[in-house]
Amino acid sequence: MSCSLRGVKIILASASPRRKDLLKGLGWEFETVPADVPEPRVEGETPSEMVERLSLLKGRSVASRFPEALVVASDTVVAQDGQIFTKPADAADALRMLTALSGAVHHVHSGIALFWRGCEMCRSEITAVHFRALDEEYLKGYIATGEPFGKAGAYAIQGLGSLMVEGIEGDYSNVVGLPLCLLGKMMESLGFSLNRQWGVEG
């Protein structure tokens with residue numbers, strides 16, 4: 001039996017303003033409770049395995065405190081040729097990442113973990129992103145804006161970083177940090193009806 005989101009307490013286990021904006025765009029009412037968990041890499045794991053593991057860790061840390069809520073957790077990394085790029089530590093690290101991405105294709109991996117009434121579910125999404133070729137002067141200018149910091153891969157596709165992206169293959173919202181189509185499918189698997197959320201029967 002499907003149910004509506006009306007009356008359900010939703011918690012986003014993330015401090016990311018990009019994820020908050022994406023959920024707001026759906027018209028959902030939710031609270032933000034950042035998950036304070038370490039994010040170490042595990043030797044040998046793939047990017048998809050990494051984001052799923054971290055999404056589960058983040059979500060569990062919040063869901064344990066709010067057992068009656070629907071908790072949404074996510075993690076995003078950028079991967080290219082076996083390298084995983086998380087958030088840059090400083091300007092030099094951001095330049096290293098962006099130089100590697102320049103004129104090439106990379107993949108954005110995002111995990112989503114949902115927690116609802118004792119059930120937990122985790123999936124991941126992959127989107128290919130094509131960067132145009134950029135020289136060091138351009139990249140240093142972009143880094144000087146401050147936008148790369150706090151972003152996986154050192155860029156924001158929804159901001160000035162869009163000027164570097166020639167095209168994508170896959171879900172745009174995944175590159176921003178929360179694949180909404182996948183989220184919708186997972187919500188339906190948990191028994192939520194999007195039609196009932198919108199007040200439409202069927």
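## Exercises on a predicted model

At 35% relative accessibility, C119 is partly exposed. The model behind this value and those below is predicted.

**Exercise 1. Decide how many disulfides there are, starting from C119 and C122.**

Solution.
- Step 1. Take the cut-off: the two cysteine sulfur atoms must lie within 2.5 Å.
- Step 2. Start at C119. The closest cysteine sulfur belongs to C122, 12 Å away, so a bond is ruled out.
- Step 3. Start at C122. The closest cysteine sulfur is that of C119, again at 12 Å, which is too far for a bond.
- Step 4. Count. The result is zero disulfides.
- Step 5. Add the surroundings. C122 is buried, with 13% relative accessible area, whereas C119 is partly exposed.

**Exercise 2. Find the residues other than glycine with positive phi at R117 and A154, and state whether each is buried or exposed.**

Solution.
- Step 1. Recall the background: most residues other than glycine have a negative phi.
- Step 2. Read R117. Its phi is positive, near 50°.
- Step 3. Place R117. The residue sits in the loop between β5 (105-116) and β6 (119-131).
- Step 4. Classify R117. Its relative accessibility is 64%, so R117 counts as exposed.
- Step 5. Read A154. Its phi is positive too, about 70°.
- Step 6. Place A154. The loop between α4 (136-144) and β7 (165-169) holds this residue.
- Step 7. Classify A154. With a relative accessible area of 0%, A154 is buried.

**Exercise 3. Work out which residues of helix α6 are buried and what they pack against.**

Solution.
- Step 1. Set the range: α6 spans residues 180-189.
- Step 2. List the buried residues: L182, L183, G184, M186 and M187.
- Step 3. Recall helix geometry. An α-helix has 3.6 residues a turn, so residues three or four places apart point the same way.
- Step 4. Find the partners. The buried residues of α6 pack against α1 (17-25), β3 (70-80), β5 and β6.
- Step 5. Look past the helix. G191 follows α6 and has a positive phi, near 105°.

**Exercise 4. Describe the nonpolar cores and the contacts of L70.**

Solution.
- Step 1. Size the largest nonpolar core: 44 residues.
- Step 2. Pick its best-connected members. L70, L98, Y155 and L183 touch the most other members.
- Step 3. Ask which helix contributes most. That is α3 (residues 91-101), with five residues.
- Step 4. Trace L70. Leaving out residues up to four places away in sequence, its contacts include L5, V8, F115, W116 and M187.
- Step 5. Turn to the second core. This separate set has 13 residues, among them V33, L56, A73 and C122.

**Exercise 5. Locate A113 and list what it touches.**

Solution.
- Step 1. Place A113: strand β5.
- Step 2. Classify A113. Its relative accessible area is 0%, so A113 is buried.
- Step 3. Check a long-range pair. A113 and L54 are 59 residues apart along the chain, and their C-alpha atoms are separated by 9.0 Å.
- Step 4. List the contacts. Beyond residues up to four places away in sequence, A113 touches S55, L56, V71, V72, A73, M121 and C122.

**Exercise 6. Identify the nonpolar surface patch that contains Y138.**

Solution.
- Step 1. Place Y138: helix α4.
- Step 2. Classify Y138. At 31% relative accessibility, Y138 counts as partly exposed.
- Step 3. Apply the cut-off. Patch members need over 30% relative accessible area.
- Step 4. Name the patch: Y138, L160 and L163, with about 270 Å² of accessible area together.

Methods. Residues are numbered from 1 along each chain as its sequence is written. This is a predicted model: local features need pLDDT of at least 70, side-chain atom pairs count only at pLDDT 80 or more; totals for chains, interfaces and linings use all residues. Side-chain values use heavy atoms; hydrogens and water are left out. Helices (H or I, at least four residues) and strands (E, at least two) are DSSP runs, numbered from the N terminus. Buried means under 20% relative accessible area, exposed over 50%, partly exposed in between (1.4 Å probe, protein chains only). Contact means heavy atoms within 4.5 Å. Patches are made of residues with over 30% relative accessible area and no salt bridge: like charges are joined within 9 Å, nonpolar side chains (Val, Leu, Ile, Met, Phe, Trp, Tyr) within 5 Å. Accessible areas come from the Shrake-Rupley method with a 1.4 Å probe; for residues, only the protein chains shown count as cover. A salt bridge is a side-chain nitrogen of Lys or Arg within 4 Å of a carboxyl oxygen of Asp or Glu. A nonpolar core is a set of buried Ala, Val, Leu, Ile, Met, Phe, Trp, Tyr and Cys residues joined through side-chain atoms within 4.5 Å.
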